[in-house]
Every structure is written in C-alpha cells, then in structure tokens.
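Notebook open, two things to look up today: one helix and one chain-to-chain contact. I'll start with the helix.

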2 protein chains.
Amino acid sequence: MPVRLWDLAAAEDDRRFSPYCWRIKLALAHKGLEPETIPWRFTDKDAIAFSGQGLVPVIVDDGREVHDSWAIACHLEDQYPVNPLFGSAQARSLAYVFKFWTESTIHPPVLRAILNDLYAALHEKDKAYFRESREKRLGKTLEELGADPKKAVADLRTALLPVRQQLVQEPYLCGQHPGFADYILFGPFQWARAVSPQRLLEPDDPVYAWRERMLDLYGGLARKAKGYPVWA
Amino acid sequence: MPVRLWDLAAAEDDRRFSPYCWRIKLALAHKGLEPETIPWRFTDKDAIAFSGQGLVPVIVDDGREVHDSWAIACHLEDQYPVNPLFGSAQARSLAYVFKFWTESTIHPPVLRAILNDLYAALHEKDKAYFRESREKRLGKTLEELGADPKKAVADLRTALLPVRQQLVQEPYLCGQHPGFADYILFGPFQWARAVSPQRLLEPDDPVYAWRERMLDLYGGLARKAKGYPVWA
C-alpha cells in the first residue's frame, strides 16, 4: 500500500501549494516512493483529526501516522535509508537550522510577494479561516501584507545571499546531489509557482538555475504540477 | 614542526579578537593540533605578503601556505581526517551556507554592539586603517555604526532564532558534538568577548548555554583567552 499524504489544495483539487507539503513530495520521490495524495483544505480539520492536530502534511505509512514536515522527513530517512536525505548526523542538525532560517527569512517575503494571488486562488470555504489565522499570526491585514509585492521580491533576493554563494560553487545546497535542505528551500518557490505569476528571480541569478534543476527532478514532478510556468 | 597561524591582535599581543581566526584556532584544537600563533595587526601587510594577499587567518602547515578561513578548514579536514569537522559532503556544503548566513546576519549586529570598545582596543597603528576600511565597506562612520549598541544587541538576539531552535534540542549546532559550523558561530561571540564588556545574551537563552559549552572546549581554550569574562 502506498504512503498516503494529505496535501493542501486551492480551489481546484489539483492546485497544490503548501511549501511544507512540497518538501515532503520531493522527499518521497527522493526515496523512490510514489504516494497517494489526498487533496485537503485548511478547514477540513475532521479529515486529519486522527493525527491529533490540524495541519498538513500528514502521512500514513504502513499504518503509522506521522505529521509535521520535519518529523516526516526523519521518519522517511530512518525507515528508508537508501538515498539519504541527510547523509550524516551533522547534516541533519544543520538542515534543521536551515529549516528555521528558511521559514523565518524566505517564507515571509515570498508570502508578501504572492499574497493577493494566493488569496484569490484559495477555495472559498478556506478564505475566512486563512484571513483570520494569518492576520492574527502576522499582526497585519492581508491587504497591508500584500501591499508591496515589488519590495517583497527585492527583500527576497537580498535574503537569498547565503544560499546564492553556495549555488555558485555546487549545483545543490547539499552539494553534488539534492538533499532535504534543497527541498526545504524549494518549498516556498513552488508555493509561489502554484498560485502566482509573480517573477521572483532574475534568470542570471544562480538561484534561478538551481530552481530549474529542482523543477526537473524526478521526471519533472514539480514542473508538471499545476501552476504558472512563466519563469521559463 | 607545529602549524603556524598569523592571528589578529589588539594593542596587547595576547588580546586576539578576529572571529575568523577564532574559527581556525578551535578547528585546530578539534584536530588535536597545537599551533604556534604569531600576533599580527591589520597593517602588518608585509608579514603575510608571502600568502599573496593581506588578511588573516594565514597558516603554514608542513611548508604549505593556506589562507582564508574556509580554505583552511577544508585543508585541515582533508589533511587530518580524524575527528571530522564536517562528517559528510552534505554537511560541508550546509556549513558553507551557514558561514555566509553568520557573516551576513550575525557579524553585523555584533560589530555594532561592540564597535566603540573594539576601536578603543585596537593597536594605535591600526586605527586609521580600521576606520577607513570599515567606513568605506559599510558606508557609515564608525560613530554612526556604533551609536546604538542596545538596538544592535536586540537585533542580534532576534537574528539568532534559527540556531536557538536547534540548540533547544541538541547541545551543538552540529548535533551531539561540535563541528565547524559551531566554530563559525562562536567566532563573533569570542570577537566580542575579547574586546568588550557588552552583554550579548541573557542567561536563560539556549544560545548562552551553548556559548558556555564552547568556552569549555579543549581545556577552556577560549575561556582562558584574554577578554571580558563578565558573562559568567
């Protein structure tokens, strides 16, 4: 029985936009696993009540429930040691630091850059939940947060400096081969691609070339997904 | 013959404050090496002209010159594989990302927090060079840069979020044992400690407990160095 993954969807069932779920879809492909994905909306709390919490990704693997993208990555690494996502204990610890860096430094400007498009793409039943939860968490209205996408894009490009330096010298953040840190950083780019025509990177940016490589992985898994392929 | 290390000194020969040299002193100790350190000032360009450039750290190991702290770490890892600084190719790549993160995110607020004390501690012959090079690089006068140490400390504590999350769950950034990423982050704290009584961290901060562990490593190598041990 394949791994089952509850995967955040927009108004359309096949527009999947969660950066946290994208990490996991790439990690599953990295391990050679083809999950059955179940479209899920923010307000479908009952559907994942069995996990004891209300957020995706949630997986069921061989009868075992795992939630939280980091816990899922560690579960996959420990259950399927072939094709390591980390490669050493030190790499796992540094990827954990990298996760918090990405979520605190890269996710916010990407969100501000795509927020108007993201809100428009949501399922109608999710819009009130999304507005209330994000406005509470971020202390601003969605209109304030999405007021200056141009500045958000500029902030994003500045924030990418540490990864850009690495991508000048190796093809992936994790070196010659992609690893979980690559999937962590790719998440917010695929989040944007799923819902917005916003151009986040210039073609001469080493991060752009890396993103192209990421879109090509696993038979074009991310490139084929519903989104705005205006970057090509 | 021991490794020789040219090591930045303040007015006093034994007040060593370079965050880049501290990385290397801890990496050498990690490898069980006891270097001969040579006090050096910013304006002693002739003394390291043999390296083809003008910055420390510079080492000579078995007749071979290596400069740039990252190149030195890689040299040590490749020449002395026992006690790995990285542990895997992926960890080395992620440590390289971490290096740029630390230098772009942690070094600037530490510098602003300690700048007045740092300038006062410099050797007289270095002061004009330091002022001119830093004002040119940073686009502000030293007085402007050092005008609000309190805000700099607040900015630093905010910027430490990604590493704080890791240090809640493991004793070191690199996991159960320190690695080069720990030495990279420790550099700016030891930079501060060498020249300034400024209190950068609160004792209940997990980063504070980590810094205590770092000060204890290798027989208290960093703790015994000349500085301001007001944090205890």
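I call a residue buried when its relative accessible area is under 20%. Note to self: this is a predicted model.

Entry 1, helix H1 of chain B. I checked how much of H1(B) is covered, and 11 of its 12 residues are buried. The buried set runs from B:Pro19 to B:His30 and includes B:Cys21, B:Trp22, B:Arg23 and B:Lys25. Then I looked for what does the covering: strands S1 (4-8) and S3 (58-61) of chain B are among the elements, as are helices H2 (69-79), H3 (89-121), H8 (180-195) and H9 (206-220) of chain B.

I also took the helix end to end. From first C-alpha to last, H1(B) (residues 19-30) reaches 17 Å, close to the expected 16 Å. At its N-terminal end I found a cap from B:Ser18, with a side-chain oxygen 3.1 Å from the backbone nitrogen of B:Tyr20. After the helix comes B:Gly32, with a positive phi near 75°.

Entry 2, the A/B contact. Each side is easy to tally: 28 residues from chain A and 28 residues from chain B. Together the chains bury about 2100 Å², with 66% of that on carbon and sulfur atoms. On chain A, the top three contributors are A:Gln90, A:Leu94 and A:Val97, which supply 27% of the area that chain A buries against chain B.

What holds polar groups together across it? I got seven residue pairs in polar contact and zero salt bridges. H3(A) gives the largest share of chain A's side, 12 residues. By type, that side splits into 17 nonpolar, 10 polar and one charged.

Terms used
Residues are numbered from 1 along each chain as its sequence is written. Chains are lettered from A and ligands numbered from 1 in the order in which they are written. This is a predicted model: local features need pLDDT of at least 70, side-chain atom pairs count only at pLDDT 80 or more; totals for chains, interfaces and linings use all residues. Side-chain values use heavy atoms; hydrogens and water are left out. Contact means heavy atoms within 4.5 Å. Buried area is the accessible area (1.4 Å probe) that two parts lose on being put together, summed over both. A salt bridge is a side-chain nitrogen of Lys or Arg within 4 Å of a carboxyl oxygen of Asp or Glu. A polar contact is a pair of N or O atoms within 3.5 Å; within protein, one must be able to donate a hydrogen and the other to accept it, and residues adjacent in sequence count only if both atoms are side-chain atoms. Helices (H or I, at least four residues) and strands (E, at least two) are DSSP runs, numbered from the N terminus. Ala, Val, Leu, Ile, Met, Phe, Trp, Tyr, Cys and Pro count as nonpolar, Asp, Glu, Lys and Arg as charged, and the others, Gly among them, as polar. The expected span of a helix is 1.5 Å times one less than its number of residues. Buried means under 20% relative accessible area, exposed over 50%, partly exposed in between (1.4 Å probe, protein chains only).
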